[in-house]
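Here are my notes on the model that you sent round, set out as numbered points. Please read them with the structure open beside you.

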Amino acid sequence: MSQTKAAVRGTKIKLSRGDIIFNAIIYTIAVILILVTLYPMYFILIASISDATKVSSGQIMFWPQGVSLKAYRQLAEYAQLWVGYRNTILYAVVGTIITVAVNIPVSYALSRKKLFGRTFFTFFYLIPMFFTGGLIPTYLAVQKFGFLDSFWVMVLPFSVVPYYIIVGRTFFSNSIPEELWEAAQLDGCGYLGFFFKIVLPLSKAILAVIALWAAVGQWNSYFNALIYLRNDALQPLQLVLRNILISNQTISSMSSGAAAVEAKQMADLIKYAVIVVSSAPIMCMYPFVQKYFNQGVMVGSVKG
């Protein structure tokens, strides 16, 4: 038996000419797509550490020239930048925990066929995916609850996301069979024990997916802060970076002659540095959850 397996492993499958051509085309397309996707990010990185004059004149293509960290040093001089970083990290951590804690139990409950009023609750959560109350009613509701200009306005009012609930419900429906609950009952397990001891350990994939989506959403969020926050001490990173860009553009527009050209070049260089500063933490985190992300998306979308 072992000799047969070894013989099969050692057998080389001979590809036809058509197969070779097809594979060559597929690999070529894949490489082109990878380059098209990665080059803009690579260009932003090398442009942010290159000489501003050479960047503005279009001399930067594949390698950095006149390497300088001037843009990053200027960014670091803004004290508000570090306040924004601290706030965004807090919003991302606390907001992700609340989002997962709110949406996962709802997703699991809706996945159980014996839930009383299951159809009604499903439509109840589906409606906000297509219709919302609008900005003014939402603002008034947030104001009535006393969340305006506070830390909690960034993590509580918008923690329930119908899309996350639907994706989670699909995952639980396909991955947690009713027979598992019946077996747990025979061992004396209750609803809460079954959920925390059995369901959650088997749902690491969907937990990682929703946590990643929530963290990225919180990290990139600026509109809610723009509407509901007035205190500079509570501003997230994205809003701080936006203010820095506006400030540099204003300075460049108010200058004249050689000073205007230099200010414009520096403003463009800071744009690239801002993109790197705002994107680097999320890009560093993604490889650690990529496995769960891919698994969760596939299991939650394919029946069986």
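1. To begin with a single residue: is Phe124 buried, partly exposed or exposed? Phe124 has a relative accessible area of 48% and is therefore partly exposed, where buried means under 20% relative accessible area, exposed over 50% and partly exposed in between, computed with a 1.4 Å probe and protein chains only.

2. A word on the basis of these notes. This is a predicted model, in which local features need pLDDT of at least 70 and side-chain atom pairs count only at pLDDT 80 or more, while totals for chains, interfaces and linings use all residues. Residues are numbered from 1 along each chain as its sequence is written, and side-chain values use heavy atoms, with hydrogens and water left out.

3. On the overall fold, the protein chain has 14 helices and zero strands, both taken as DSSP runs numbered from the N terminus (H or I and at least four residues for helices, E and at least two for strands). Of its 304 residues, 33% count as buried. When contacts (heavy atoms within 4.5 Å) are taken between residues at least 6 apart in sequence, 72% of them join residues at least 24 apart. The accessible surface of the chain comes to about 18900 Å², and 69% of that area belongs to carbon and sulfur atoms; accessible areas come from the Shrake-Rupley method with a 1.4 Å probe, and for residues only the protein chains shown count as cover.

4. Helix 9, which spans residues 178-186, deserves a careful look, since Glu178, Trp181 and Ala184 are buried there. These residues cover an arc of only 120° around the axis, which puts them on the same side of helix 9; the arc is that of the directions from the helix axis to the C-beta atoms. Glu179 and Leu186, on the other side of helix 9, are exposed. The buried residues of helix 9 pack against helix 10 (191-199), and the helix is followed by Gly188, whose phi is positive, near 80°.

5. The structure holds one salt bridge, a term that stands for a side-chain nitrogen of Lys or Arg within 4 Å of a carboxyl oxygen of Asp or Glu. In it the side chains of Glu178 and Arg112 meet, at 3.7 Å from N to O. The pair links distant parts of the chain, with Glu178 in helix 9 and Arg112 in the loop between helix 5 (79-111) and helix 6 (118-126), 66 residues apart. Both Glu178 and Arg112 are buried.

6. Aromatic pairs number 22 over the whole structure. The rings of Phe124 and Tyr125 have centres 5.5 Å apart and planes at 90°, so this pair is edge-to-face, whereas the rings of Trp181 and Tyr191, with centres 4.7 Å apart and planes at 20°, are stacked. The latter pair links distant parts of the chain, Trp181 lying in helix 9 and Tyr191 in helix 10, 10 residues apart. For these terms, rings of Phe, Tyr and Trp (its six-membered ring) pair if their centres lie within 6.5 Å, and planes under 30 degrees apart count as stacked, over 60 as edge-to-face and the rest as tilted. Trp181 is buried at 10% relative accessibility, while Tyr191 is exposed at 65%. One aromatic cluster includes Trp181 and Tyr191, together with Tyr108, Phe171, Phe172, Phe194, Phe195 and Phe196.

7. On the surface, Leu135, Ile136, Leu140, Tyr222, Phe223 and Leu226 make a nonpolar patch of about 560 Å². Patches are made of residues with over 30% relative accessible area and no salt bridge, like charges being joined within 9 Å and nonpolar side chains (Val, Leu, Ile, Met, Phe, Trp, Tyr) within 5 Å. Helix 7 (135-144) and helix 12 (223-228) each supply at least two residues of this patch, and helix 7 gives the most, with three. Ile136, placed in helix 7, counts as exposed at 61% relative accessibility.

8. Leu226 belongs to helix 12 and is partly exposed, with a relative accessible area of 32%. Residues up to four places away in sequence aside, Leu226 touches Leu239 and Arg242.

9. Lastly, Ser150 sits in the loop between helix 7 and helix 8 (162-175) and counts as buried at 17% relative accessibility. Leaving aside neighbours within four places in sequence, Ser150 is in contact with Leu229 and Leu234.
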